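User: I am new to this structure and would like a close look at a single part of it. Please take one helix and describe what surrounds it.

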Amino acid sequence: MSLDLPDEAATLALGAALARALHPGLTIRLEGELGSGKTTLVRGVLRGLGWTGKVKSPTFTFVELYVISNLKLHHFDFYRLEQAEEYLDAGLDEYFQGDAVCLVEWPDRAGEYLAPGDLRVSLSPLGEGRRAVLAALGDKGQACLSALRHCLPRSIAAPS
Ligand SMILES: Nc1ncnc2c1ncn2[C@@H]1O[C@H](COP(=O)(O)OP(=O)(O)O)[C@@H](O)[C@H]1O
Ligand SMILES: [Mg+2]
């Protein structure tokens with residue numbers, strides 16, 4: 001599924017729609033260069049879930065943890081992992097073992113230690129805005145994408 005996101009509000013709206021399509025235990029890979037809107041998308045998800053507090057980029061901490069009602073959400077940013085082994089050394093794998101929703105920026109930096117996940121969202125520049133390409137990586141991801149189709153606001157709805 002490919003979506004055009006003309007401005008930041010559209011990225012936030014996609015995040016809010018995604019928030020309605022999530023299931024506990026889902027892992028989403030967020031791909032795209034620096035500044036492509038990955039953290040903005042996570043902010044949209046958190047706002048959509050009703051989080052009103054700060055959303056910090058986990059650039060230096062690798063992970064920020066949120067609990068919203070009964071849902072746990074783990075936001076990762078592995079940009080600063082210099083070697084994939086650091087992922088294990090820091091015990092980051094443990095954050096994936098429960099039933100939290102995991103949103104991962106720069107997943108490739110963890111190499112093969114990180115499981116492939118359920119859904120991939122790739123963000124790239126498109127004019128002044130961004131393009132988002134979403135791909136399911138298995139049945140759970142497919143279910144999320146199907147649910148997402150029904151939650152998308154008309155402003156960013158995918159041509160079917
Ligand atoms: N669809 C969009 N169109 C234009 N600018 C956007 C869009 N989505 C996000 N941005 C902007 O891109 C900048 C970088 O976003 P950020 O989420 O920090 O990127 P990343 O986490 O991928 O490095 C922010 O200033 C944000 O407002
Ligand atoms: Mg970021």
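Analyst: Two strands count as paired if DSSP finds at least two bridges between them. In this predicted model, 5 bridges join strand 4 to strand 5, and the two run parallel. Leucine 73 stands opposite valine 101 in strand 5. Strand 4 is also joined to strand 3, by 6 bridges, and that pair runs antiparallel. One of the pairings sets glutamate 64 against histidine 75 in strand 4. Strands 3 and 4 form a hairpin with 2 residues between them. Serine 69, in the turn, has a positive phi of about 50°.

These strands lead to the helix to be looked at, helix 2. Strand 3 (63-68), strand 4 (71-77) and strand 5 (101-105) are among the elements that cover the buried residues of helix 2. The cover also includes helix 1 (8-19), strand 2 (27-31) and strand 6 (119-126). Helix 2 spans residues 38-48 and is mostly covered, with 10 of its 11 residues buried. Among the buried ones are Lys38, Thr39 and Thr40, and further along Leu46 and Gly48. Just after helix 2, glycine 50 takes a positive phi of about 100°.

Helix 2 also takes part in the surroundings of ligand 1. Helix 1, helix 2 and strand 7 (129-136) each supply at least two residues of the shell around this ligand. Of the 16 residues around ligand 1, those that come nearest are Thr11, Gly37, Lys38, Thr39 and Thr40. Lys38, Thr39 and Thr40 are thus named twice: they are buried in helix 2 and come nearest to ligand 1. By class, the shell has 8 polar, 5 charged and 3 nonpolar residues.

Terms used: Residues numbered from 1 in each chain as written. Chains lettered and ligands numbered in written order. Predicted model: local features only at pLDDT ≥ 70, side-chain atom pairs only at ≥ 80, totals over all residues. Buried ≥ 20, exposed ≤ 12 C-beta atoms within 10 Å, placed from the backbone. Helix = DSSP H or I, 4+ residues; strand = E, 2+ residues; numbered from the N terminus. Contact = placed C-beta atoms within 7 Å. Near = placed C-beta within 6 Å. Nonpolar A, V, L, I, M, F, W, Y, C, P; charged D, E, K, R; others polar.
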